[in-house]
Every structure is written in structure tokens, then in C-alpha cells.
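Me: Hi! Could you walk me through this one? I have a few quick questions.

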Amino acid sequence: MNWKSLEDFGAAHADLKGQSVTILAPWLGADQALFTSITAYFEDATGATVNYSGSNSFEQQIVIDSEAGSPPDIAVLPQPGLAAELAAKGYLKDLGDETSQWVKDNYAAGESWAALGTYAGQDGAERFFAFPYKADVKSLVWYVPENFEDAGYEIPETYEELKALTEQIAADGEVPWCIGLASGGATGWPATDWVEDLMLRLNTPEDYDGWTTNALAFNDPKVVKAIEEFGWFAKNADFVAGGPASVASNDFRESPAGLFESPPGCYMHRQASFIPSFFPEGTVEGEDYDFFYFPAPADGSLGQPVLGGGTLFGVFTDNPVALAFIDFLKTPAVHELWMAQSGFTTPHTGVNMEAYASETQRKMGQILLDATTFRFDGSDLMPGAVGAGAFWTGMVDFVGGASAQEVADRIQQTWATLK
């Protein structure tokens, strides 16, 4: 632990003793306990008090409180879109060019992270309004090491090698992939993550950004190609467990089960960092299962893009303790203290990687540090009617037999109606 960074922070903010700050977040239960274990160090370092509130209706509450003129000093925002809306209405405070530059200089793919917290304010001018802290990684492929070893398969290091491995496994008479899109009313969302990862591997980050705002139309050939590329994996009867007809009906929580069958029902499963929660009870990370980075193309022109999510800290008042808390989040120790527990990865290049509580978290953290580009989940950046509506249902239609062009045209029509 870089305790000195915390000591230096405390020495610089000794004038806060006896003051307080309010923080509203969507974290409850275990997540709340983890976060408040971090805020305790802020209290120890400064003498100030942190009053934390968690809410299971956070998105609604922060808007209501802001409009009523009684916001918290700080809110933990899980979606850039929500942060952008609050900034446009004048509710968020500018965190300043200095903090924006700090992010660029101290986070891997720092330009990406700084852009994630930069929005147009009430006057239309772009400023840095939200500080990123705590990241999630989505560009992961899960597998069982023993299965790979028994079959003689090696971890692919390029996208081309991933496709070649898929073909090799099928040629050996085995099933390469387990894919499941069912999720109740949210059925289809796992496919949007696939398409987002493929957009970042077939196109530039600028194209991805344009796609999430519709500056690049949803039925542009570049997007259609990414959907078709998902179909290369999901619509091939030799490549996916149960065949294409089962993809939409397989529950995403149950779909990884094939990895653990004997003989294997599948060899690979693409999903975000949370998926081990649904692995069979008693399975051990690093032994019974592992993961690798969803690899980028071999030519290197698109670098090492990483798809993920994360939280952003926005300041709503002029309380000086709130800005001090943002400075607190810059210290390596504040990242390391959560790294040493669970459910936390960071792009902060100044942390000690040995602080991670597990090898799995450390490997995910390394993926973030190796990233040349980080992009937030695209469907979460799109209007709800598209990202959590037409995009989800369109992917179900696609695996059900519709063409990529037909699906993309329909999604673009939905976007057009919003304009």
C-alpha cells in the first residue's frame, strides 16, 4: 500500500477537520460496505465526516434531488449518459482542466477516461464534470484451462487466432462457444456487448463514438459488418452449443455451464467480469476456470481496445470537502485499498499491482493497464429506446434468422423517430 500518498493527502487537507460531505450512490449491501471502508480513510486523513446514502432508485433520486435544489455534495454516477444530462442542466460542477489532465497523465488510455467525464455544460461549452473511479472489464473470454490443455489448444493472442481456434475446435468435432441471450425483459443485451467489442476491433474509436451518438448511422456498412461478424460466431451450427436456434432462448446466467461439463459442452464463453457469480458452486478461479483478453487484430492498427463500464464521481455543490474527496480518489492508496478487497479494478498506472486480492482481479487490472483505448458499453450510451430497446430486440431477431442489414435498418428507424 502506498500509505505515503494518503499521508500527503491528509497533510494537504488538515483544514477540513469538523466539516462534512454527503455522498449518494447506487451501492447497497456488500458494495456499500466496500465503499464505506474506503471513505473511513478519508475521515481519518482529514477529520471530516462522510455521510453516505445508498439508493436502489438512484437514477430517479439524483434527478429529483437536483431539480429540487437539494442534491448531495457528490453522486456516484453509473452511466455517462446520466452524467451528461445533469451537466447539460447545470447541476454538475466543473472539476477543472487540471483534474482532466491528471486523468490523462495517470490513467492508462487516459484520453479515453478523460473524455468519458467530459460533457457540454449548460452554456454548451465542454468541460470535465465527472471523475472516473472503479472500472469494470467486459472484453473477456472465459475457458477451462484443463480442457484447453487436454485438447492442446493455446490462448489466442490476436483476433485472427481467435477465429482460427474457433474453426479448429469445430474441425475437431467439438463446440467452440456457449452463447446465451435470454435475460427476461432484457433479453438480447449479451449480444450487444459482442457487437460493441467487434465494433472496436473492426473500426476506429472515432467510429465507435459516432455510432453511439448516431453520427455514424446504425445501418452504416461498418456497423452492419460488426453485426455480421457476431453472426460468424453465433449463427454457425458448428460453432455454438445447441445451434443458432438455442442462442436467444439460452439464459445468459446458465449459458456458461457447458464449460464445466464432461466432456465439454463448449470451450469458450465471452462475458464480462461478473459472470463467475453464475459458475457452478465450488469452482475455483485460476484452477477450474480462467479468462483471456478478447484479442485485437494482428496488424495493431487499432491497438488494444477494451470495452467496459465504470462509475463516475460528480460534484453538485460548492462544498470544499467535495472537491477534496475528488483529490482523495487520485491517491494510489485509495485504489489499492479497494483492490485488496474484491470487485474492483482500476486503470490508475501508479498503483501497486500486488495489492489485488486475487490473481483474477490482477489480470483484469493488467488488461486495463495494457489498453490503448477504453470505451464504455455502447448500448448504455445510446438513448434507452435504442440501446435498451431496438438494439436488444434486433439482436434476437438477427440470431433468429433476420439479416444484419434488416436489423440495422430497423434500429436506425427507431433512432430516426427520436430526432
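Me: Which residue in S8 is the bridge partner of tryptophan 142?
Reply: Happy to help! Tryptophan 142 has histidine 269 as its bridge partner in S8. Keep in mind that this is a predicted model.

Me: And how many bridges join S7 to S8?
Reply: There are 2 bridges between strand S7 (residues 140–143) and S8, and the two run antiparallel.

Me: What order do the strands of that sheet take?
Reply: The order is S8-S7-S9, an open sheet of 3 strands with antiparallel pairing. S8 and strand S9 (290–293) are at the edges with a single partner strand each, so one side of each has no neighbour in the sheet.

Me: Switching to cavities: how many of 30 Å³ or more does the structure hold?
Reply: It holds 1. The largest cavity has about 50 Å³ of space. Its lining includes His269 and Arg270, along with Trp194 and Phe252.

Me: Which elements supply at least two residues of that lining?
Reply: Helix H9 (189–202) and strand S8 (269–270) each do. By class, the lining has 6 nonpolar, 4 polar and 1 charged residues.

Me: New topic, H3. Which of its residues are buried?
Reply: In helix H3 (residues 58–67), they are Phe58, Ile62, Asp65 and Ser66. Viewed down the axis of H3, these buried residues fall within an arc of 100°, so they line one face of the helix.

Me: What do they pack against?
Reply: The buried residues of H3 pack against strand S1 (20–25), strand S3 (74–77) and helix H4 (80–88).

Me: And which glycine follows H3?
Reply: That's glycine 69, with a positive phi near 80°.

How values were computed. Residues are numbered from 1 along each chain as its sequence is written. This is a predicted model: local features need pLDDT of at least 70, side-chain atom pairs count only at pLDDT 80 or more; totals for chains, interfaces and linings use all residues. Side-chain values use heavy atoms; hydrogens and water are left out. Buried means under 20% relative accessible area, exposed over 50%, partly exposed in between (1.4 Å probe, protein chains only). Helices (H or I, at least four residues) and strands (E, at least two) are DSSP runs, numbered from the N terminus. The arc is that of the directions from the helix axis to the C-beta atoms. Contact means heavy atoms within 4.5 Å. On a 1 Å grid over the protein atoms alone, a cavity is a set of points where a 1.4 Å probe fits but cannot get out, and a pocket is an open set with protein on both sides within 12 Å along at least five of seven lines; lining residues have an atom within 4 Å of a point. Grid points are joined across faces, edges and corners, and a volume is the space filled by probe spheres set on the points. Ala, Val, Leu, Ile, Met, Phe, Trp, Tyr, Cys and Pro count as nonpolar, Asp, Glu, Lys and Arg as charged, and the others, Gly among them, as polar. Two strands pair if DSSP finds at least two bridges between them.
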